[in-house]
Amino acid sequence: MAKKIGVTMEVGNDGVAVITITNPPVNSLASPIIAGLKEKFQDANQRNDVKAIVLTGNNGRFSGGFDINVFQQVHKTGDLSLMPEVSVELVCNLMEDSRKPVVAAVEGLALGGGLELAMACHARVAAPKAQLGLPELTLGVIPGFGGTQRLPRLVGLAKATDMILLSKSILSEEGHKLGLVDALVPPGDLLSASRKWALDIADGRKPFLRSLHRTDKIGSLSEARAILKNSRQLAKKIAPNMPQHHACIEVIEEGIVHGGYSGVLKEAEVFKQLVLSDTAKGLVHVFFAQRATSKVPNVTDVGLKPRPIKKVAIIGGGLMGSGIATALLLSNIRVLLKEINTEYLMKGIKSVEANIKGLVSRGKLTQDKAGKALSLLKGVLDYTEFKDVDMVIEAVIENIQLKQSIFKELEKVCSPHCILASNTSTIDLDVIGEKTNSKDRIVGAHFFSPAHLMTLLEIVRSKNTSAQVILDLMAVGKAIKKVPVVVGNCIGFAVNRTFFPYAQAAHMLTNLGVDLFRIDSVITSFGLPLGPFQLGDLAGHGIGLAVGPIYAKVYGDRMFNSPLTELLLKSGRNGKINGRGFYIYEKGSKPKPDPQVLSIVEESRKLTNIMPGGKPRSVSDKEIVEMILFPVVNEACRVLDEGVVIRAADLDIASVLGMSFPSYRGGIVFWADMVGPKYIYERLKRLSETYGGFFKPSRYLEERAMKGMLLSESQSSRSRM
Ligand SMILES: CCC[C@H](O)CC(=O)SCCNC(=O)CCNC(=O)[C@H](O)C(C)(C)COP(=O)([O-])OP(=O)([O-])OC[C@H]1O[C@@H](n2cnc3c(N)ncnc32)[C@H](O)[C@@H]1OP(=O)([O-])[O-]
Ligand SMILES: NC(=O)c1ccc[n+]([C@@H]2O[C@H](COP(=O)([O-])OP(=O)(O)OC[C@H]3O[C@@H](n4cnc5c(N)ncnc54)[C@H](O)[C@@H]3O)[C@@H](O)[C@H]2O)c1
């Protein structure tokens with residue numbers, strides 16, 4: 001059934017016209033809605049039987065803002081005329097400058113353009129817990145319906161810049177205290193209270209306030225400049241590679257110096273420049289890509305319903321098990337934590353307590369909620385209580401025999417409906433389940449460390465895993481505030497496999513004579529939070545050494561054998577865990593590059609002997625980025641080719657959430673498509689001629705480059721799912 005969308009107007013006997021937006025699910029401001037609003041406001045302004053106007057949204061939501069699909073159309077076509085003229089024609093002229101008072105009746109949410117429409121009204125009446133904010137910067141643009149001008153005038157400049165630059169929304173309760181909301185009323189009274197407020201303004205019992213004309217909360221010019229100076233520093237820190245934060249501050253300043261209307265005009269001009277930026281393209285792609293991950297063919301579209309998961313057993317209370325337990329407890333799921341002996345069990349429980357305490361001390365959790373979460377945890381040393389759990393997540397050490405024997409045991413002690421998940425990062429799920437008759441309920445639940453903080457959950461589907469089990473795990477993932485991405489079974493799954501060349505390429509460059517600290521710094525300037533060497537320190541070099549042979553067995557044709565990790569470990573440097581790796585780690589200070597590592601690097605260079613003519617290779621920063629990230633793109637191509645992910649955009653989200661690949665670059669595949677498959681292919685081909693198989697372009701990349709196709713264009717599927 002086609003969804004009903006549009007704008008309606010009903011005029012009551014009291015002379016109030018109620019204009020209602022209907023565009024499920026979030027009442028986004030699509031072109032027909034904007035056209036409908038213009039028409040209804042014109043009509044209401046002209047009609048003699050209308051004294052005042054109330055603007056509201058249908059189904060308990062005011063509006064989630066401008067329709068983001070339009071940005072995507074603009075990105076595809078480059079056609080700016082698809083953007084409707086709103087900020088002057090509708091918002092200033094028909095709404096704010098109307099002779100008839102307009103009151104916004106806000107429930108659920110008013111975000112982006114939604115809040116901007118509400119701010120152009122002459123008062124705002126809201127229901128409790130409505131979400132209010134201007135999140136446009138997360139999409140690479142700035143507010144474009146006058147929000148940069150009206151929010152500072154309603155809540156003060158410091159609060160407004162904080163909300164806009166950090167894309168932080170507030171609840172209507174806080175909005176009421178700040179003056180953004182004029183009255184807070186129960187949802188059932190929202191319309192009647194708004195009508196009354198509108199009539200009170202019309203009859204002069206309440207003031208007729210136009211937000212853009214207000215100056216009472218802006219302060220003096222020197223005060224404003226001081227606040228904007230701080231904002232510029234904040235922008236530099238949080239968004240060094242993005243244009244929209246600085247541009248937004250400029251626009252706000254224009255309004256402070258030359259008046260709100262001048263600010264509105266500049267806002268419209270800057271908006272049009274930003275909407276076409278690569279940053280906006282990347283961020284808008286990520287917005288839709290993240291939502292697309294919840295659509296899994298033959299799982300979410302076949303009428304199945306997720307079964308309730310109330311109690312989960314976790315086997316292994318080490319780094320991962322304790323993190324996963326924390327995430328489940330915080331979402332009110334009961335957890336049985338199993339360990340091998342009392343000492344390890346207590347250690348595991350203490351880690352969970354420390355995770356939860358950390359959240360309380362950072363103000364992210366109340367003491368009450370922390371107590372409630374911990375009351376749901378029970379430590380055990382055997383399987384007696386496993387009979388009524390809905391799901392088991394195994395997180396013991398990476399050992400095939402151990403995992404196989406655990407799953408064989410689980411099959412006996414758990415009920416037949418119980419989901420049997422493994423957090424393995426490298427072992428084939430089919431091998432783990434080999435000795436069982438429960439292959440249809442065995443699934444990978446690959447969390448990323450620290451599991452209670454990282455949002456990606458790779459759900460690994462073997463050829464036997466049932467659709468119901470996938471759906472159940474997706475629902476658990478969402479319940480614990482993760483973003484589940486369903487992937488196929490292969491060594492390293494989607495993220496670790498795609499990024500295994502990341503460290504390898506860095507080692508090759510170092511062995512070619514490039515300074516390793518420079519490599520890290522170039523990669524962090526590109527936008528990844530940690531360069532490959534610092535990331536290696538964080539994971540621990542012991543792990544790197546242990547998983548190397550597993551990868552070599554299947555991807556050996558494209559591995560670079562660097563002795564550097566082994567040499568590092570020999571000299572007692574396991575990374576952050578023991579305070580020394582490539583960097584020195586001291587409590588309370590930032591990691592410091594350790595110059596003593598350079599002699600180890602020299603030893604490695606002697607062993608590999610790959611420097612051309614024995615001399616360090618000189619490379620530009622651009623070459624460093626290409627030599628490290630193009631092999632990653634090449635592996636991403638193989639992941640796409642083999643159908644390890646359902647769609648290319650899933651790999652983008654997985655790279656953003658699992659590897660912290662910069663979201664403003666849209667994820668690894670999106671970025672590669674922006675750079676150009678042909679260029680990447682040619683660079684890799686040339687590099688492979690000099691340095692061998694590590695850089696050899698994959699068949700998929702070659703094919704796409706030759707045909708002039710994008711890597712993300714849908715493939716003739718050999719999907720594993
Ligand atoms: C010139 C313009 C100036 C203006 O200043 C610019 C803006 O306003 S920019 C906008 C500023 N506003 C924002 O940045 C707000 C962006 N939106 C959000 O943050 C969340 O969606 C929201 C909190 C609203 C609901 O969360 P939730 O309940 O977890 O639900 P969910 O997230 O799963 O979404 C459900 C469905 O709704 C869809 N959809 C949602 N919003 C929009 C939209 N604006 N448009 C189109 N579609 C939108 C979403 O794709 C999904 O579709 P599907 O096909 O079912 O996958
Ligand atoms: N460390 C990471 O960053 C990371 C990330 C994703 C996945 N993984 C995977 O998660 C799993 C666990 O890794 P980790 O880093 O937490 O290891 P860890 O060594 O920190 O913890 C493993 C725990 O399992 C316990 N254990 C062993 N046998 C057991 C048994 N029979 N019953 C109960 N407990 C038992 C050990 O006592 C230990 O406390 C591995 O499969 C690993 O590949 C690790």
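**Two ligand shells and a helix**

Ligand 2 is surrounded by 22 residues, of which M320, E339, E398, K403 and S425 are the closest; a residue belongs to such a shell if one of its heavy atoms lies within 4 Å of the molecule. The model is a predicted one, in which local features need pLDDT of at least 70, side-chain atom pairs count only at pLDDT 80 or more, and totals for chains, interfaces and linings use all residues. Residues are numbered from 1 along each chain as its sequence is written, chains are lettered from A and ligands numbered from 1 in the order in which they are written, and side-chain values use heavy atoms, with hydrogens and water left out.

Several polar contacts (pairs of N or O atoms within 3.5 Å) can be followed around ligand 2. A polar side-chain atom of K403 lies 2.6 Å from an oxygen atom of ligand 2, and a backbone N or O atom of V396 is 3.2 Å from an oxygen atom of this ligand. K338 brings a polar side-chain atom to 3.1 Å from a nitrogen atom of ligand 2. On its own, ligand 2 has 830 Å² of accessible area, and the protein covers 80% of it; such areas come from the Shrake-Rupley method with a 1.4 Å probe. Two or more residues of the shell come from each of helix 13 (319-330), helix 16 (400-413) and strand 15 (442-447), with helix 16 giving the most, 3 residues. Here helices are DSSP runs (H or I) of at least four residues and strands (E) of at least two, numbered from the N terminus.

Turning to ligand 1, 28 residues lie around it, and G113, E116, E136, R291 and K295 come nearest. Oxygen atoms of ligand 1 lie 2.6 Å from a polar side-chain atom of E136 and 2.8 Å from one of K295. Taken alone, ligand 1 exposes 1000 Å², of which the protein buries 74%. Helix 2 (68-77), strand 5 (109-111), helix 4 (113-120) and helix 12 (278-292) each give two or more residues to this shell.

Away from the ligands, helix 8 is worth a look. Its 13 residues, 190-202, should span 18 Å at 1.5 Å a residue, which agrees with end C-alpha atoms 18 Å apart; the expected span is 1.5 Å times one less than the number of residues. The buried residues of helix 8 (under 20% relative accessible area, 1.4 Å probe, protein chains only) are L190, S194, W197, A198, L199, D200 and I201. After helix 8 comes G204, with a positive phi near 80°.

Technical notes. A polar contact is a pair of N or O atoms within 3.5 Å; within protein, one must be able to donate a hydrogen and the other to accept it, and residues adjacent in sequence count only if both atoms are side-chain atoms. Buried means under 20% relative accessible area, exposed over 50%, partly exposed in between (1.4 Å probe, protein chains only).
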